[in-house]
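Work through the exercises below with the structure in view. Each task is followed by a solution in steps.

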Amino acid sequence: MAVRHRLIKARPGVVWDVLADGGKYPQWVVGPSGAEPVRGQWPQTGAALRYEVPVGPFRLSNETIVRRCEEGVGLELEAHAGPLGTARIAIELRPWGEHCLVIVDEHPLQGAGGLLHNAAFDVLIQLRHRAMLARLARLCESRPENGRSGAKDAERGHGGTEPAGSPSGRAGSGHA
């Protein structure tokens, strides 16, 4: 299991807005070229995006499905990578002062990824997460609304130090 975090110098509402925009998926996720909705309204539970990932001379057609969505707090995705199998990717947003702590937890579920999963595989996932979180940070920190104190955050329960409905500040991410 690979867990990585990054403090993004943007309000949680700004980070959520980027995650909730399916068109921005290939801008922050490492690998996909383009993304198109397959079903549902991203990021609602059951919604899916299809995209291609170039692997050497080949192009894999992949799909990511939203398995859990807690608006402004967390998103759990299931990535289908064809013969490589599937993976669970949980993204948790925590208010951290006036910024957002983003925690990504990924592990393979089935297929070749699950069979080959080991410490070396986790290192590769960590490298991918580092790049992914850097991309997400660039997108969020460069947004014009990042500089404004916003009613959008207050509406989503991000005006204080803890997510709405979560007395501990940890929003039931499903982590064991």
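**Exercise 1. Describe the surface and the make-up of this predicted model.**

Solution. Start with the area: the accessible surface of the protein comes to about 8900 Å², and 56% of this belongs to carbon and sulfur atoms. Next, consider burial: of the 176 residues in the protein, 45% are buried. Then list the elements: there are 5 helices and 7 strands. From the N terminus on, their order is β-α-α-β-β-β-β-β-β-α-α-α. Last, take the contacts between residues at least 6 apart in sequence: 52% of them join residues at least 24 apart.

**Exercise 2. Work out how the strands are arranged, and which of them are edge strands.**

Solution. Step one is the order: the 7 strands form an open sheet that reads β1-β7-β6-β5-β4-β3-β2, with antiparallel pairing. Step two is the edges: β1 (2-8) and β2 (33-39) each pair on one side only, which makes them the edge strands. Step three is the twist: on average, neighbouring strands of this sheet are turned by 25 degrees against each other, direction ignored. Step four looks at one pair: β6 and β7 (residues 99-110) run antiparallel and are joined by 11 bridges. Within this pairing, alanine 87 has proline 108 in β7 as its bridge partner.

**Exercise 3. Find where helix α1 sits, and decide whether its residues are buried or exposed.**

Solution. First look at the packing: α1 lies on the sheet and touches β1, β4, β5, β6 and β7. The direction of α1 makes about 155 degrees with that of β6. Now check each residue against the cut-off for buried, which is under 20% relative accessible area. Pro12, Gly13, Val14, Val15, Trp16, Asp17, Val18 and Leu19 are buried in α1. That is 8 of the 8 residues of the helix (residues 12-19), so α1 is largely enclosed by the rest of the structure.

**Exercise 4. Examine the salt bridges and say which parts of the chain they link.**

Solution. The count of salt bridges comes to 11. Take the one between the side chains of glutamate 63 and arginine 50, at 3.4 Å from N to O. Glutamate 63 lies in strand β4 (residues 58-70) and arginine 50 in strand β3 (residues 48-55), so this pair ties together parts that are 13 residues apart in sequence. Glutamate 63 is buried, with a relative accessible area of 14%, whereas arginine 50 counts as partly exposed at 34%.

Move on to glutamate 76 and arginine 88, whose side chains meet in a salt bridge at 3.1 Å, N to O. Here the link is between distant parts of the chain, 12 residues apart: glutamate 76 in strand β5 (residues 74-80) and arginine 88 in strand β6 (residues 86-96). Glutamate 76 is buried at 12% relative accessible area, and arginine 88 is buried at 12%. Salt bridges that share partners join Arg68, Glu70, Glu76, Arg88 and Asp105 into one network.

A further salt bridge joins the side chains of arginine 94 and glutamate 92 at 2.9 Å, N to O. Both of these residues, arginine 94 and glutamate 92, are buried.

**Exercise 5. Identify which residues form a nonpolar patch on the surface.**

Solution. The patch is formed by Val123, Leu124 and Leu127, which together have about 280 Å² of accessible area. To place one member, note that leucine 127 is in helix α4 (residues 119-141). Leucine 127 has 45% relative accessibility and counts as partly exposed.

Terms used
Residues are numbered from 1 along each chain as its sequence is written. This is a predicted model: local features need pLDDT of at least 70, side-chain atom pairs count only at pLDDT 80 or more; totals for chains, interfaces and linings use all residues. Side-chain values use heavy atoms; hydrogens and water are left out. Patches are made of residues with over 30% relative accessible area and no salt bridge: like charges are joined within 9 Å, nonpolar side chains (Val, Leu, Ile, Met, Phe, Trp, Tyr) within 5 Å. Accessible areas come from the Shrake-Rupley method with a 1.4 Å probe; for residues, only the protein chains shown count as cover. A salt bridge is a side-chain nitrogen of Lys or Arg within 4 Å of a carboxyl oxygen of Asp or Glu. Helices (H or I, at least four residues) and strands (E, at least two) are DSSP runs, numbered from the N terminus. Buried means under 20% relative accessible area, exposed over 50%, partly exposed in between (1.4 Å probe, protein chains only). Two strands pair if DSSP finds at least two bridges between them. Axes are lines fitted to C-alpha atoms, for helices over the stretch in contact, and angles run from 0 to 180 degrees between N-to-C directions. Contact means heavy atoms within 4.5 Å.
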